[in-house]
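Open the model in your viewer and keep the selection panel at hand. The stops below say what to select and what is there.

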Amino acid sequence: MQIHILSENNSVLNHFLGQIRNVNVHNDSMRFRRNIERIGEIMAYELSKELHYSDVEIQTPLGIKKTTEIKDQLVLCSILRAGIPLHMGFLNYFDSAENGFVSAYRYHPNNDAYFEIKVEYQAIADINNKNLLLIDPMLATGQSIVAVFNRLMERGTPKEIHIAVTIAAPEGIAYLEKHLPHNCHLWIAALDEKLDDKSYIVPGLGDAGDLAFGEKL
Ligand SMILES: O=P(O)(O)OC[C@H]1O[C@H](OP(=O)(O)OP(=O)(O)O)[C@H](O)[C@@H]1O
Ligand SMILES: O=c1cc[nH]c(=O)[nH]1
Ligand SMILES: [Mg+2]
């Protein structure tokens with residue numbers, strides 16, 4: 001798996017990452033959603049450098065300019081519900097991409113720390129021979145991404161696979177390396193230290209879905 005970590009150099013990305021982690025900003029869910037969306041826009045720009053391009057000629061009012069445009073057909077697929085703002089950031093830049101949405105949640109059958117991932121709702125474009133971008137803000141244990149990926153593979157075979165996450169734990173990266181094809185790209189805005197005993201990322205940011213959309217019952 002080719003891993004790209006985007007926050008290793010100083011940039012405005014680190015400013016947005018700081019705000020989504022900051023407990024003093026967590027009462028502003030609109031800012032949280034917009035910051036995740038802005039991170040998605042930056043990630044889309046960085047990922048666009050790995051895509052394939054065709055030569056084109058653009059007619060301007062004064063002449064013709066030779067340039068390039070993205071040749072790949074993209075399908076953006078995010079994991080509900082926390083994936084929605086990150087998905088919108090990618091879609092702001094890859095505006096002609098097709099889309100998919102899959103729900104996944106942690107089901108705790110014994111009311112303890114053990115959980116299984118339940119994948120239920122899915123609405124996805126055809127992914128055959130296209131570039132699949134699987135989008136989720138948090139890569140904790142990696143089980144949600146792998147469960148959704150396996151479900152997607154029942155529906156077709158993409159040409160390229162890109163996984164895009166905002167914050168990743170080393171445990172989740174190791175899980176993806178074990179369970180996903182070797183030729184995947186993994187795009188990470190920030191790499192954190194570890195998981196806690198409830199499989200939350202430390203220092204992380206808390207519960208991304210709750211911060212974006214409010215607590216669940
Ligand atoms: O790597 P994992 O251990 O699988 O955990 C990561 C998952 O947890 C979050 O979703 P959550 O289950 O909180 O659902 P939500 O979006 O409805 O809040 C996140 O968006 C990932 O999908
Ligand atoms: O740290 C984590 C782990 C899973 N899901 C989250 O929203 N946060
Ligand atoms: Mg959540």
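This is a predicted model. Begin at ligand 2 and select I201: a polar backbone atom of I201 is 2.8 Å from an oxygen atom of the ligand. Next add G206, where a polar backbone atom lies 2.7 Å from a nitrogen atom of ligand 2. Then add A208, which has a backbone N or O atom 2.8 Å from an oxygen atom of ligand 2. On its own, ligand 2 has 240 Å² of accessible area, and the protein covers 88% of it.

Now show the residues around ligand 2. They are R106, M138, A140, S199, Y200, I201, G206, D207 and A208. If you display pockets, look for ligand 2 in the largest pocket.

Keep that pocket on screen and select ligand 1. Ligand 1 sits in the largest pocket. Its surroundings comprise 15 residues, of which the closest are A82, R106, D136, T141 and S144. R106 is listed among the residues around ligand 2 and among the closest to ligand 1, so keep R106 selected for the next stop.

Which side chains place an N or O atom by an oxygen atom of ligand 1? One belongs to R106, with an N or O atom of its side chain 2.6 Å from a ligand oxygen. Another belongs to S144, where the separation between a side-chain N or O atom and an oxygen atom of ligand 1 is 2.5 Å. Select D136 as well: a polar atom of the D136 side chain lies 2.5 Å from an oxygen atom of ligand 1. The protein buries 92% of the 510 Å² that ligand 1 exposes when taken alone.

Switch to a cartoon view around ligand 1 and colour β8 (138-139) and α4 (143-153). Each of these elements supplies at least two residues of the shell around ligand 1.

For the last stop, select I127. I127 belongs to the loop that runs between β6 (116-124) and β7 (131-135). Is I127 buried or exposed? Its relative accessible area is 2%, and because the cut-off for a buried residue is under 20%, I127 counts as buried.

Show the contacts of I127, leaving out residues up to four places away in sequence. I127 then touches V75, L132, L152, M153, G156, T157 and P158. Finally, draw a distance from the C-alpha atom of I127 to that of L74: the two are separated by 8.5 Å, although the residues are 53 apart along the chain.

Terms used. Residues are numbered from 1 along each chain as its sequence is written. Chains are lettered from A and ligands numbered from 1 in the order in which they are written. This is a predicted model: local features need pLDDT of at least 70, side-chain atom pairs count only at pLDDT 80 or more; totals for chains, interfaces and linings use all residues. Side-chain values use heavy atoms; hydrogens and water are left out. Helices (H or I, at least four residues) and strands (E, at least two) are DSSP runs, numbered from the N terminus. Buried means under 20% relative accessible area, exposed over 50%, partly exposed in between (1.4 Å probe, protein chains only). Contact means heavy atoms within 4.5 Å. A residue is near a molecule or strand if one of its heavy atoms lies within 4 Å of it. A polar contact is a pair of N or O atoms within 3.5 Å; within protein, one must be able to donate a hydrogen and the other to accept it, and residues adjacent in sequence count only if both atoms are side-chain atoms. Accessible areas come from the Shrake-Rupley method with a 1.4 Å probe; for residues, only the protein chains shown count as cover. On a 1 Å grid over the protein atoms alone, a cavity is a set of points where a 1.4 Å probe fits but cannot get out, and a pocket is an open set with protein on both sides within 12 Å along at least five of seven lines; lining residues have an atom within 4 Å of a point. A molecule sits in a cavity or pocket if more than half of its atoms lie within 2 Å of its grid points.
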